[in-house]
Amino acid sequence: MIKPKDNIFNEQNQRLKFGLLNIRSLNPKAVIVNEMITENSFDILCLTETWLKPNDYFGLNESTPPSYGYIHEPRPVGRGGGVAAIFRDYLTVTRRTMHTFKSFEMLALNITVPNKSKKSLVSLTLVIVYRPPGPYTNFLIEFADFLSDLLVNVDKVLIVGDFNIHVDSPNDPLAVVFKELLDSCGVTQYINRPTHRLNHTLDLIISHGADLTNIDIIPQSDDVSDHYLITCTLRTAEISCISRYRQGRTITSTTKDSFVKNLPDLTPLITFPTNIESLDDMTSNMGTIFSNTLEAVAPMKSKRINEKIIAPWYNNTTRALKRETRKLERKCKQTQLEVFKIAWKESASCYKKALKAAKAEHFRNLIENNKNNPRFLFSTIAKLTNKQTPPDLGIPPHLGSNEFMKFFTEKIEIIRDHIAKTKPQSVTEELVSPVNQKEKLQCFSPINQEDLIKIIATSKPTTCLLDPIPTTLLKELLPAAIEPICNIINSSINLGHVPGPFKLAVIKPLIKKPNLDPNELGSYRPISNLPYLSKILEKVVSTQLCTFLQNNDMHEKFQSGFRPYHSTETALVRITNDLLIASDKGNISLLVLLDLSAAFDTVDHKILLDRLHNYIGIQGQALQWFRSYLTDRYQYVHLKGKSSYLTQVNYGLPQGSVLGPLLFSIYMLPLGNIIRKHEISFHCYADDTQLYISSRPDDSFKLSKLAECIEDIKHWMTSNFLLLNSNKTEILLIAPKTDKQNISDYSLQIEGCTVTSTNTVKDLGVILDGNLSFKNHISNITKTAFFHLRNVSKLRNIL
């Protein structure tokens, strides 16, 4: 199956099936919980007493079947406690911000599903509660405040959890007061049977504005929990879409041969186009032919998503043990005899052990078969130990593709407008003279089919929505398709024109950090995807441009980004070496780390073309190709099966492109000479610039030159539509303790903000301190290593 285009929902009455269980330590029972969700087809399973610590995701990952997500709230201090929800990924589930309480733990969630018209949304607030045993005076006060505040703000509420209140006992004073509290608030409590093996009713389901049916209480074997599993169904006529369908194609080993047989005559695609309009038409026609042929041999079909996905380690042995365990469970419930109860518990214990053994064998084979593939091994460990969040999960329903497209576009416009208002009258460009080289690049050379096949074979098989056929299939079809592909690429080079279909990008929003508010548009960054063949065309041009720059020594000497044999390591080695040498001479040093805001997105196309022409020496057809590459580009956001309106890209470099990083380094070429004018040492990596200067402790004049240099840098960047980010600019003073006291208050003014020196800075991923001892960095690396070792140690139970 290739990437799905959309989810299709069957219109029928919807019911959401809930489960509630006090699991009393999730980690050792994760496999059982996983199967429990699958077996009961839960839409949402609520768990209390998970006993998980913050950043402990191993048990949650094990418990979560495919097509499910989870949210967990650990106990903030101390051991035990913790509440979690595991839910289907078609539900939009987000945290609800509420006050925290000392007497009980709580996880409040907003759950949203589309209604029948799919034009509006139906929401429900779910709250999972765990109240530890103990004094209850504060609980009654806090829970009353919580309940009254919640009911005022939402219409449909479902509160579930372990309250540790014996509501079954008519003489229990806490139970009496608690029931009166619920009655006064007008909510309904549904559980009236024992939920604990000691015949007490401790786990409750409380609702307001939502009707529950099919409530069942299922005893569990002792090795699972001493609490019972509670299941119920939330039914509302407004909610729809229980049956889900996904559009996809079935690609088999015979698809390639069928595709070649069904390909029409490709002769029109191997003739040289006479103008750019013919090239655009030819490129579009090739995409249409490929997509139509694929539709004929592997048509797009709507397939019902199997909501009950069997774990890959489930085998005949575990299946037989499961049948036997269920059989004894039914006997036990029917006869209430102790002999069947004992037999059921023993069979459940054997089944649990067999399930764990089968899972261990599955992962052992997986690791053994991929022991020489470290990327696969680390990816497998990450899936088991790190927090897993599907890309669209957590994006609130009110944030659609159009809202994201508008935000991403306006963000760049605002930055550009801000730069334009502060742009200096005198442009600092005059500080730098164009490079005078004898060689000029007039045109790019056509590529032969053999070289093109090598480029395609060694490129990553990434596929996006804009590709007419999957990239893996395209690679298999190269013998039949290479001639028209090669003709289009060479025609683009010869005509100095990038085909229109290659200048369209699809954007997917991705949250920057897990702890950011998903309701804020500013918490997301745009991830762009380009057609696969457009990146192949860029690779052909990039290879020739890099060769030209290398042969003519056109690279900035102190730029380590996007260059062969250069990396963050080469940049850091030079900087630290220079600083250590200065320290050995008894000098003090200042290191300033400059950062830019949305650097790639604000690049001015006219200025970039001027750099290519006057500084690099690109002329004629080659320059025309770059002009075509930068103009008439469009993009749109695709989110949850829906696409936004198209917007034209008037500035910036294409995100996710092959040429983008190289063109940015060319755009920044004049910066080096501006810094050299002030006799300041520097090193760059992409848009990160490191400035440093050393002097004798009593020579403060030399340090003042740094401020003058930064002022010129700011003026040059503003004139080139680049914005310094004062919030991320850092200063580090490297000096002995006695000298530090004299100039410890050193600061810079950037964009009206004062930036002062700090004890440590993070430079290209390495933490530097004022003594260059690397103690902070080593400590951080050690903590990270121990964290991963602890995660790996958790795998022992499944291997």
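**Talking through a predicted model**

Trainee: Let's start with Arg416: which helix does Arg416 lie in?
Mentor: Keep in mind that this is a predicted model. The helix in question covers residues 401-422. So, with 416 falling in that run of DSSP helix residues, the helix that holds Arg416 is α10.

Trainee: Does Arg416 count as buried or exposed?
Mentor: The relative accessibility of Arg416 is 9%. The cut-off for buried is under 20%, so Arg416 counts as buried.

Trainee: Which residues does Arg416 touch, not counting those up to four places away in sequence?
Mentor: Contact here takes heavy atoms within 4.5 Å. With residues up to four places away left out, the list for Arg416 is Thr602, Val603, Asp604, Tyr651 and Phe721.

Trainee: Why is helix α1 largely enclosed by the rest of the structure?
Mentor: Helix α1 spans residues 30-40, and its buried members include Ala30, Val33, Glu35 and Asn40. It's largely enclosed because, of its eleven residues, the number buried is ten.

Trainee: What phi does Ser41 take, just after α1?
Mentor: Ser41 comes just after α1. Its phi is positive, at about 55 degrees.

Trainee: Which residues have the most contacts inside the largest nonpolar core?
Mentor: That core has 96 residues. It draws at least three residues from each of domain 2 (260-302 + 389-542 + 605-650) and domain 4 (560-603 + 652-798). The residues with the most contacts inside the core are Leu452, Phe626 and Leu691.

Trainee: And which residues is Leu452 in contact with, leaving aside neighbours within four places in sequence?
Mentor: Once those sequence neighbours are set aside, we're looking for heavy atoms within 4.5 Å. For Leu452 that gives Ile447, Ile482, Ile485, Cys486, Ile489, Ile536 and Val540.

Trainee: How many residues are in the second, separate core?
Mentor: Among its members are Leu20, Ala85, Phe143 and Leu174. The count for this second core is 59 residues.

Trainee: What kind of aromatic pair do Phe143 and Phe178 form?
Mentor: In total there are 21 aromatic pairs. For Phe143 and Phe178 the ring centres are 5.7 Å apart, with 45 degrees between the planes. Planes under 30 degrees apart would count as stacked and over 60 as edge-to-face, so this pair is tilted.

Trainee: How many residues apart in sequence are the parts that this pair ties together?
Mentor: Both Phe143 and Phe178 are buried. Phe143 lies in helix α3 (residues 137-153) and Phe178 in helix α4 (residues 173-185). So the pair ties together parts whose separation in sequence is 35 residues.

Trainee: Where does the charged end of Arg574 sit?
Mentor: For a charge to sit over a ring, CZ of Arg has to be within 6 Å of the ring centre. The charged end of Arg574 is 3.7 Å from such a centre, and the ring it sits over belongs to Phe558.

Trainee: Last one: does Asn551 count as buried or exposed?
Mentor: Asn551 lies in helix α14 (residues 532-551). Its C-alpha atom is 9.5 Å from that of Glu439, 112 residues away along the chain. Relative accessibility is 63% and the cut-off is over 50%, so Asn551 counts as exposed.

How values were computed. Residues numbered from 1 in each chain as written. Predicted model: local features only at pLDDT ≥ 70, side-chain atom pairs only at ≥ 80, totals over all residues. Heavy atoms only, no water. Helix = DSSP H or I, 4+ residues; strand = E, 2+ residues; numbered from the N terminus. Buried < 20%, exposed > 50% of the residue type's maximum accessible area, 1.4 Å probe, protein only. Core = buried A, V, L, I, M, F, W, Y, C linked by side-chain atoms within 4.5 Å. Domains from an automatic or database assignment. Phe/Tyr/Trp six-rings, centres within 6.5 Å; stacked < 30°, edge-to-face > 60°. Lys NZ or Arg CZ within 6 Å of the ring centre and 35° of its normal.
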